[in-house]
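Me: I am new to this structure and would be grateful for a close look at a single part of it. Please describe how one pair of helices is packed, and place that pair in its surroundings.

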Amino acid sequence: MATRASGRTVGGLRSLSLQAPAVTLLLIWMLVPLGMTLWFSFQRYNLLMPGMGGFAGLENYRYLLTDPALWSSMGTTLILVGSVLAISVIGGTLLAVLYQQDFFGRGVARVLAISPFFIMPTVSALVWKNMMMHPSNGVLAWFNGLFGLPAIDWFSSYPLLSIIIIVSWQWLPFALLILLTAMQSLDDDQVEAARMDGAGPVAIFFFITLPHLKRAISVVIMIQMIFLLTIFAEIFVTTSGGPGLATTNLAYLIYIRALLEFDVGGASAGGVIAIILANIVAIFLVRMVAKNLED
Amino acid sequence: MNNASTQRRVGLAILAWTITCLIFFPIFWMILTGFKTEAQAVASPTLFFTPTLESYVEVQGRADYFKFAWNSVYVSVGSTLLALLIGIPAAYSMAFLPTKRTKGTLLWMLSTKMLPPVGVLVPIYLIFRDLGLLDTRTGLTFVYTLMNLPIVVWMLYTFFKDLPKDILEASRMDGASTLQEVLLLLIPLTLPGIASTGLLSVILSWNEAFWSLNLTSSSAAPLTAYIASFSSPEGLFWAKLSAASTMAIAPILIFGWLTQKQMVRGLTFGAVK
């Protein structure tokens with residue numbers, strides 16, 4: 001009894017020392033910047049005005065919450081996240097069903113279709129902005145020309161839609177990749193039995209495939225949400241948040257406040273809001289992963 | 001009956017391949033444009049032209065492409081090796097010496113990954129400025145190590161757990177130390193898993209574009225930041241942009257194709273297998 005107890009303590013100690021570097025580093029990486037962001041958010045702190053420091057109380061928050069730019073950027077964030085999620089999840093599910101069918105060259109087609117997810121965001125954004133969407137020399141303008149239609153100046157006429165298209169192009173393949181994997185565990189016998197009973201492809205999709213994919217879909221939604229909440233590079237290289245504030249999301253607004261206007265206090269208050277938003281999503285995701293860890 | 005099913009299959013193949021070509025088209029077009037001259041690149045789109053390596057040569061000659069490529073290799077490989085070095089012992093202890101806290105620790109690590117980078121941009125920028133780490137490869141390597149550490153630990157943990165426990169126990173009976181156990185048994189036995197974990201970490205670091213754009217300017221700028229410099233409106237160099245982009249994505253595209261299955265495990269924290 002005694003030896004077992006001490007054995008467990010030794011094991012516990014060993015386990016602790018092996019985990020210590022990883023845990024300590026992550027703890028510092030999380031707590032120090034988080035604490036600083038929180039601290040700065042209550043400070044009057046602008047790098048351009050070094051003499052103006054001091055405790056600001058809720059002033060940064062009051063200023064931020066009454067700033068129309070914040071609400072417009074929250075709206076943009078919502079539209080961006082919502083549209084990309086809808087496009088990538090619905091499109092990804094339908095495509096997963098399609099790529100699950102047996103057709104000539106399926107393996108190659110799958111690999112090509114998931115490729116956009118592996119492209120670095122600055123490349124995707126610039127290829128779309130220049131070679132696809134350029135109003136005079138882009139492929140889309142050329143395509144419109146074939147039908148005698150006027151070319152569209154995507155980034156001035158539909159700036160947010162353009163960003164949504166680019167980001168969806170990157171994330172739909174992610175949904176496809178995850179959902180195709182989840183598809184592999186679909187029970188073929190069950191599908192076959194349903195077909196024998198006279199279920200059509202639509203019924204099979206809604207009553208067998210979709211319920212089977214439910215969990216994978218929710219994982220995709222949550223993971224994408226966390227990344228989409230802070231889309232940055234795509235906006236940085238294409239519109240720089242403009243025209244006006246048309247494509248400024250929360251992440252880009254914080255960037256403007258911090259590194260272009262040097263308003264550390266205001267940017268930090270924005271950062272706190274971003275963290276709270278991400279955490280609301282994160283709680284659900286962590287719960288789901290935890291449940292999965294049990295079985 | 002047979003005829004109808006053949007028709008259906010041909011229709012399906014046509015539909016699937018049309019969609020595939022549409023999705024892949026921008027990448028295909030970019031690769032193609034890289035072999036054009038600047039004049040051809042902005043001319044009316046065509047599939048037929050005399051390919052030239054001019055843009056590839058110029059990208060290296062004028063813009064010193066390999067400097068940025070080396071920065072990318074340095075930070076992504078460096079951060080991956082560091083993350084593996086720190087992650088392997090942690091994952092080992094979680095998989096083979098689990099305590100009551102293990103599950104909580106794993107979930108907590110996962111949750112640090114969900115902190116939006118923009119939320120801590122200000123403090124990290126200021127700390128980096130004060131420590132002289134702005135625009136250094138060391139600084140970026142460090143950020144990427146911590147950024148990927150939770151995924152690395154998580155993935156290694158799932159691979160280690162798949163290993164039969166008896167094997168390690170037998171070696172422990174034979175008097176092997178922890179270090180011997182890890183180096184001589186665990187690592188060789190789970191090498192494919194460790195390799196795909198490493199590849200995922202390399203891919204994520206290579207494509208990372210928030211910290212690289214904000215923390216580097218020139219001397220430590222990786223390819224993500226270098227490509228971003230093509231966004232300046234004064235010069236539209238599509239052929240050079242395409243050539244540089246093609247070189248920048250080629251290795252990662254191949255890694256991605258090779259590891260897609262294991263990647264799903266890492267990206268969804270084992271929630272989708």
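Reply: UniProt positions are given here in the numbering used for this structure, and such annotations may be inferred rather than shown by experiment. With that understood, the unreviewed UniProt entry places the feature "transmembrane region" at residues 12-32, 73-94, 106-128, 140-160, 181-206 and 237-258 of chain B. The model is a predicted one.

The part chosen is the pairing of helix 7 (residues 137-161) of chain B with helix 10 (residues 191-207) of chain B, whose axes lie 10 Å apart at an angle of about 155 degrees. Because angles over 145 degrees count as roughly antiparallel, helix 7 of chain B is roughly antiparallel to helix 10 of chain B. The crossing of helix 7 of chain B with helix 10 of chain B is right-handed. Helix 7 of chain B contributes B:Tyr144, B:Asn148, B:Ile151, B:Val152, B:Met155, B:Leu156 and B:Phe159 to the contact, while helix 10 of chain B contributes B:Gly193, B:Ile194, B:Thr197, B:Leu200, B:Ser201, B:Leu204 and B:Ser205. These contact residues comprise 9 nonpolar and 5 polar, with no charged.

Two of the annotated spans can also be described. Residues 12-32 of chain B are 100% helix and 0% strand, with end C-alpha atoms 28 Å apart. Residues 106-128 of chain B are 65% helix and 0% strand, and their end C-alpha atoms lie 28 Å apart.

Finally, chain B touches chain A through a contact that takes 82 residues from chain B and 79 residues from chain A. On the side of chain A, helix 1 (residues 2-40) gives the most, with 18 residues. That side of chain A divides into 63 nonpolar, 15 polar and 1 charged.

Technical notes
Residues are numbered from 1 along each chain as its sequence is written. Chains are lettered from A and ligands numbered from 1 in the order in which they are written. This is a predicted model: local features need pLDDT of at least 70, side-chain atom pairs count only at pLDDT 80 or more; totals for chains, interfaces and linings use all residues. Axes are lines fitted to C-alpha atoms, for helices over the stretch in contact, and angles run from 0 to 180 degrees between N-to-C directions. Helices (H or I, at least four residues) and strands (E, at least two) are DSSP runs, numbered from the N terminus. Angles under 35 degrees count as roughly parallel, over 145 as roughly antiparallel, 65 to 115 as roughly perpendicular and the rest as oblique. A crossing is left-handed if the near helix is turned anticlockwise from the far one by less than a right angle, and right-handed if clockwise. Two residues are in contact if their C-beta atoms, placed from the backbone, lie within 7 Å. Ala, Val, Leu, Ile, Met, Phe, Trp, Tyr, Cys and Pro count as nonpolar, Asp, Glu, Lys and Arg as charged, and the others, Gly among them, as polar.
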